[in-house]
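Please open the model in your viewer and keep the sequence panel beside it. The tour moves from one selection to the next and says what is to be found at each stop.

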Amino acid sequence: MATKLNSKNDTSFEDSLKELEDILAQLENPQIPLSELVDKYGRARECLDICRKRLESAELAVKKFSKNSFEDFSLEDDE
């Protein structure tokens, strides 16, 4: 069973994603009690929010790094 992560502020994207995947696998169990289902759903939403925030932060950092430089990532022909 997945354990809850300590804090939203120090949780990595990878840890949140792993916990989210674990929760989703557990939610596939048709025998899960409703109260546990609701708790797990709530935690899954928290993990999803953390993942989204980490992705947005990474996107902003990439944009910041590439703002002053232009890089051409065109593919070369292997022929």
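In which helix is Ala44 found? Select Ala44 and you will see that this residue is found in helix α2, in a model that, please keep in mind, is predicted and not an experimental structure. At 8% relative accessibility, Ala44 counts as buried, and, leaving aside residues up to four places away in sequence, Ala44 touches Leu20 and Ile23. If you now mark the C-alpha atoms of Ala44 and Leu20, you will find them separated by 5.4 Å, although these positions lie 24 residues apart in the count along the chain.

**The whole chain**

Zoom out next and colour by secondary structure, which shows two helices and zero strands in the protein. Of the 79 residues, 16% count as buried, and the accessible surface comes to about 6,900 Å², with 53% of that surface belonging to carbon and sulfur atoms. Among contacts between residues at least 6 apart in sequence, 62% join residues that are at least 24 apart.

**Helix α1**

Select residues 13–27, which make up helix α1; this helix has 15 residues and reaches 21 Å from its first C-alpha to its last, close to the 21 Å expected at 1.5 Å a residue. Within α1, show the side chains of Ser16, Glu19, Leu20, Ile23 and Gln26, which are the buried ones. They lie on the same side of α1, because they cover an arc of only 125° around the axis. What do the buried residues of α1 pack against? Display residues 34–66 as well, and you will see that the partner is α2.

**Helix α2**

With α2 selected, follow the helix from end to end: α2 has 33 residues and reaches 48 Å from its first C-alpha to its last, close to the 48 Å expected at 1.5 Å a residue. The buried residues of α2 are Lys40, Arg43, Ala44, Cys47, Ile50 and Cys51, and what covers them includes α1.

**The two cysteines**

Select Cys47 and Cys51 together and display their sulfur atoms. Why does the pair Cys47 and Cys51 not form a bond? The sulfur of Cys47 is 6.8 Å from the closest cysteine sulfur, which is in Cys51, and this is too far for a bond, since a disulfide requires the two sulfur atoms to be within 2.5 Å. The count for the structure accordingly comes to zero disulfides. Both side chains are nevertheless buried, Cys47 with a relative accessible area of 0% and Cys51 with a relative accessible area of 5%.

**Salt bridges**

Turn now to the charged side chains, where the structure holds five salt bridges. Side chains of opposite charge can pair when their charged atoms come close.

Begin in α1 by selecting Asp22 and Lys18, whose side chains meet in a salt bridge at 2.8 Å, N to O. Both residues lie in helix α1, four residues apart, about one turn of the helix. Asp22 is partly exposed, with a relative accessible area of 23%, and Lys18 also counts as partly exposed, at 46% relative accessibility.

Move to α2 and select Lys40 and Glu36, whose side chains meet in a salt bridge at 3.8 Å, N to O. Being four residues apart in helix α2, Lys40 and Glu36 are separated by about one helical turn. Is Lys40 buried or exposed? Lys40 is buried, with a relative accessible area of 11%, whereas Glu36 counts as partly exposed at 28% relative accessibility.

Then select Lys63 and Glu59, which form a salt bridge whose closest N and O atoms are 3.5 Å apart. These two residues both lie in helix α2, four residues apart, about one turn of the helix, and Glu59 is partly exposed, with a relative accessible area of 44%. For the last stop, select Glu19, Arg43 and Glu46, which salt bridges with shared partners join into one network. Two members of that network have already appeared on this tour, Glu19 among the buried residues of α1 and Arg43 among the buried residues of α2.

How values were computed
Residues numbered from 1 in each chain as written. Predicted model: local features only at pLDDT ≥ 70, side-chain atom pairs only at ≥ 80, totals over all residues. Heavy atoms only, no water. Expected span 1.5 Å × (residues − 1). Buried < 20%, exposed > 50% of the residue type's maximum accessible area, 1.4 Å probe, protein only. Arc of directions from axis to C-beta. Contact = heavy atoms within 4.5 Å. Areas by Shrake-Rupley, 256 points an atom, 1.4 Å probe, with all protein chains shown as cover. Salt bridge = Lys/Arg side-chain N within 4 Å of Asp/Glu carboxyl O.
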